[in-house]
Amino acid sequence: MNFISQKIIPSVLLLVCTTTVALAATTNTISDGPYISYADSKLAVNAICNGAVVKNSLLKSLDTNRCFNQFNKTTSVLSEHVRSPLIYQGNFDVIAVSDFHGQYDLMLDLLVNNNVIDQEYNWNFGNGHLVITGDVFDRGDKVTEILWLLYKLEQQAKKASGNIHLLLGNHEVMVLNGDLRYLHNKYEKVSVMLNTPFAKLYSKDSVLGQWLRSKNVLVKINSQLFAHGGFHPDLVQQKLTLAQVNEVFVNNLVKNELANDRSELATYLHKTNGPIWYRGYFREPKASVAQIDSLLKHFSVSSIIVGHTSMPQIESHFNGKVIAIDSSIKKGVYGELLLIQGDKKSRLTLSGEQLPLKQI
Ligand code: ZN
């Protein structure tokens, strides 16, 4: 809370001192939200439409033709969000993608061109499962748009017997914990305009905040294991199960909401070698082939699929035992999806081509 105030006040003062016209010019193009929170038995809605603050209004009064068109009025704002299971098995296609980092327009192109969603941005992947291995937040300036689209698609996917798995990445956890180092400056202005510390927009009393707090850090689908950063070989030595890793991680998600300090294991899981930060499949100190094999055996999977470490495209490492799916969408230029059909994996390009995996 203090962090954002300290960061914002100097820039606000500077703007006010320079000229008020400059402030108007930088903020009247901003649209963001809605930020919805649970207040008594109703919903409090705050948003910004073309620079105008819409405060404490009713959801149905939002002008979604002018602004917030990603927030479809058919979306049901749920009164509670239930944590999903960690393990899925079945005969369905899986598409995985990672690290959107606020690049909403590129995300739309990627999903539309590969028929995951239709031209109106509705679910078009039938009983398929879409996995997003974290890092929707930070860097880019259309994070809210991505969150509401995924929120809507999750409901549509379930109706079609499909599923969306949004996993926690380090940037989700950073923002929820008030670490705003990588926030796009648009959101500093949003925070000032709404007169609310940014992290509070995602508090546990908010719809998106509660939804994010219900998300897991990993998912196992058929013989594939997904997480944002990866699984350190230590976890095999410690004989930890996926359920234990997830439970300890999510039960210790937001530091200032905990009754007690994080335990040694919770601290370990939230740091460098934990599932949202680990880079050891690609960078030194690097896991060995034997360690990768022992991880696969321990978790009974044939491959581990991770984002977080940016690559020019989706890549197969360790002879297909590790798949890197952060295809540098954060740069706003290009990105890919990983398609899994039974044992076959391929990559889907921005223009909708299906190509074999690049072997590294
Ligand atoms: Zn990351």
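1. In this predicted model, His-228 counts as buried, because its relative accessibility is 0% and the class of buried residues takes in those under 20%. His-228 is also one of the protein donors of the zinc ion, to which it contributes its NE2 atom.

2. The zinc ion has further protein donors in Asp-135 (OD), Asn-170 (OD1) and His-308 (ND1); together with His-228, they lie 2.1 to 2.2 Å from the ion. Along the chain, the spacing of these donors reads D-x34-N-x57-H-x79-H. His-228 belongs to the loop between E9 and H8, while His-308 belongs to the loop between E10 and strand E11 (315–317), so this pair ties together parts that are 80 residues apart in sequence. His-308, like His-228, is buried; its relative accessible area is 6%.

3. The geometry of the zinc site deserves a remark. The angles among the four donor atoms run from 85 to 167°, and the site is irregular. The tetrahedral class does not apply, because it requires all angles to lie between 85 and 135 degrees.

4. Attention may now turn to the aromatic rings. The structure holds 10 aromatic pairs. In one of them, Phe-231 and Phe-299 stand 5.4 Å apart, centre to centre, with 55° between their planes, and the pair is tilted. Phe-231 is found in the loop between strand E9 (224–227) and helix H8 (234–237), and Phe-299 in the loop between helix H11 (289–298) and strand E10 (303–306); the pair therefore ties together parts that are 68 residues apart in sequence. Phe-231 is buried, at a relative accessible area of 0%, and Phe-299 is buried at 5%.

5. A cluster of rings is also present. Its members, linked by ring pairs, are Tyr-35, Phe-137, Tyr-187, Phe-198 and Tyr-202.

6. The final topic is enclosed space. Two cavities of 30 Å³ or more occur in the structure, and the largest of them contains about 100 Å³ of space. Which strands each supply at least two residues of its lining? They are strand E7 (163–166) and strand E8 (218–221). E7 provides the largest share, three residues.

7. The lining of the largest cavity is mixed in class, with six nonpolar, four polar and two charged residues. Among the lining residues are Ile-164, His-165 and Leu-166, as well as Leu-218 and Val-219. Others include Ser-84, Pro-85, Glu-154 and Lys-215.

Note on methods:
Residues numbered from 1 in each chain as written. Predicted model: local features only at pLDDT ≥ 70, side-chain atom pairs only at ≥ 80, totals over all residues. Heavy atoms only, no water. 1 Å grid on protein atoms, 1.4 Å probe; cavity = no way out; pocket = protein on both sides within 12 Å on 5 of 7 lines; lining within 4 Å. Points joined across faces, edges and corners; volume = space filled by probe spheres on them. Helix = DSSP H or I, 4+ residues; strand = E, 2+ residues; numbered from the N terminus. Nonpolar A, V, L, I, M, F, W, Y, C, P; charged D, E, K, R; others polar. Phe/Tyr/Trp six-rings, centres within 6.5 Å; stacked < 30°, edge-to-face > 60°. Buried < 20%, exposed > 50% of the residue type's maximum accessible area, 1.4 Å probe, protein only. Donors = N, O, S within 2.8 Å, 3.2 Å for Na, K, Ca; no water. Tetrahedral: all angles 85-135°; square planar, octahedral: opposite > 155°, others 65-115°.
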